[in-house]
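Open the model in your viewer and keep the sequence panel visible. The stops below say what to select next and what is there.

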Amino acid sequence: MTRTHTHPVPPRLALALAAATVLVATNLYCATTAAAEDGPSVPPGTEASASAPVEVDPNDPDLKLPEGATLTEPKVLDIKQVVEDQSGDERREDTNSDVKFALQAEVLFGKDSAKLGGEAKARIATIAQEIKTQNATKIRVFGFTDDLGSSAHGDVLSRQRANAVHGVLVQELSDADLTYEVRGYGEQYPIADNSTEAGRKKNRRVEISFPRTVT
C-alpha cells in the first residue's frame, strides 16, 4: 500500500495563488467583453469628446495604488438626456456638447421613398428653429435604414433621405455660413433590435445633430 503525503500550503503562498487566479479570471472576462463590443455604436466623429478637467499625478504619495498598478487615461462621461414623444416618432438627445434629433422614416417618407410629406417639413422646420436658437454653425444629417433588403439599396435610400432633409434645412435656415455633413449609413449603427418590427421601425430614421451652445 502506497501512502501519499500532502504538505500544507503556506498561508502567503495560498493568498498569492488565489490572487493570481482572480487576476487570470478577470483578464479572461475583460477579453471576452471587449470582443463583444468591437463595433462602434455611433458613426465616426460623433463620439463624446469631453476631457478630464483635473490631471492626476500617478506619483502622488497620497495616491494609494497596488504594486505594479498604473492609471488609465482619464475621461469624463458625457451626460445624456433623452426625450421621446409618446408615439416614438421623434427622439431628442441632449449631451454636454451636442443636440440630436432622430425622426422615424415613417413620419418623413412613404414606404421605400425619399419624398418628404407636408408633416415632415413642419417637423424639420421646428428643428431648424432650435438650430437657430443654439447658433450652430455645423449640422450633421445622417440617414439610416433597417437590415431588410440589400445593404447597397439601404445605403442609397438612406443617403437620398438625408439629402431630402438637408434640402429643407437649407431652405429654412438660408445661412451661407452654415456647413453641413450629409451621409447615408444604411443599416449601420442600429439603435434597436432588427429582429423585431418595432426595432426595425426605430432604426429607419434620419438624425439631425449640431453642437450645443446654449445651456
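Of the 215 residues in the chain, 29% are buried, where buried means under 20% relative accessible area, exposed means over 50%, and partly exposed lies in between (1.4 Å probe, protein chains only). This is a predicted model, in which local features need pLDDT of at least 70 and side-chain atom pairs count only at pLDDT 80 or more, while totals for chains, interfaces and linings use all residues. Residues are numbered from 1 along each chain as its sequence is written, and side-chain values use heavy atoms, with hydrogens and water left out.

**Whole chain**

Colour by secondary structure. There are 5 helices and 6 strands, taken as DSSP runs (helices H or I, at least four residues; strands E, at least two) and numbered from the N terminus. Their order along the sequence is α-β-β-β-α-α-β-α-β-α-β. Switch on the surface: its accessible area is about 14,500 Å², and 55% of that belongs to carbon and sulfur atoms. Accessible areas come from the Shrake-Rupley method with a 1.4 Å probe; for residues, only the protein chains shown count as cover. Among contacts (heavy atoms within 4.5 Å) with a separation of 6 or more, 67% join residues 24 or more positions apart.

**The core**

Select Leu 108, Leu 116, Ile 131, Ile 139, Val 165, Leu 169 and Phe 210. These residues have the most contacts inside the largest nonpolar core, which has 26 residues. Such a core is a set of buried Ala, Val, Leu, Ile, Met, Phe, Trp, Tyr and Cys residues joined through side-chain atoms within 4.5 Å. Two or more residues each come from strand S3 (98–104), helix H2 (105–108), helix H3 (118–134), strand S4 (138–144), helix H4 (151–173) and strand S6 (205–211). H4 gives the largest share, 6 residues. In soluble globular proteins, nonpolar side chains tend to be buried together.

Now centre on Leu 108. Leaving out residues up to four places away in sequence, Leu 108 touches Leu 103, Lys 115, Leu 116, Gly 117, Ala 120, Ile 124, Val 165 and Val 206.

**Helix H3 and its end**

Select H3. Its 17 residues should span 24 Å at 1.5 Å a residue, and the end C-alpha atoms are 25 Å apart, which agrees; the expected span is 1.5 Å times one less than the number of residues. Buried positions in H3 include Ala 120, Ile 124, Ile 127 and Ile 131. The buried residues of H3 pack against strand S2 (90–94), S3, H2, S4, H4 and S6.

Which residue of H3 pairs with Arg 123 in a salt bridge? The partner is Glu 119, with the closest N and O atoms 3.4 Å apart. A salt bridge here is a side-chain nitrogen of Lys or Arg within 4 Å of a carboxyl oxygen of Asp or Glu. The two residues are 4 apart in H3, so about one helical turn separates them. Arg 123 is buried at 17% relative accessible area, whereas Glu 119 is exposed at 52%.

Step to Asn 135, just after H3, where phi is positive at about 55 degrees. Asn 135 sits in the loop between H3 and S4 and is exposed, with a relative accessible area of 57%. Measure from its C-alpha to that of Thr 213: the distance is 6.7 Å, for residues 78 apart in sequence.

**Helix H4**

Pick His 166 in H4. His 166 counts as partly exposed, at 22% relative accessibility. Apart from residues up to four places away in sequence, His 166 touches Val 141, Tyr 180 and Val 182. Its C-alpha is 9.0 Å from that of Ile 208, 42 residues apart along the chain.

**Charged groups**

The count of salt bridges is 16. Select Arg 91, Glu 93, Lys 100, Arg 205 and Glu 207, which salt bridges link in a network. Within it, Glu 93 and Lys 100 meet at 3.9 Å, N to O; Glu 93 is buried at 12% relative accessibility.

Move to helix H5 (197–203). Arg 200 and Glu 197, 3 residues apart in H5, form a salt bridge at 3.3 Å, N to O. Arg 200 is buried at 15%; Glu 197 is partly exposed at 41%. Finish at Asn 194, in the loop between strand S5 (179–184) and H5. Asn 194 is buried at 13% relative accessibility, and its contacts beyond four places in sequence are Asp 146, Asp 147, Arg 200 and Asn 203.
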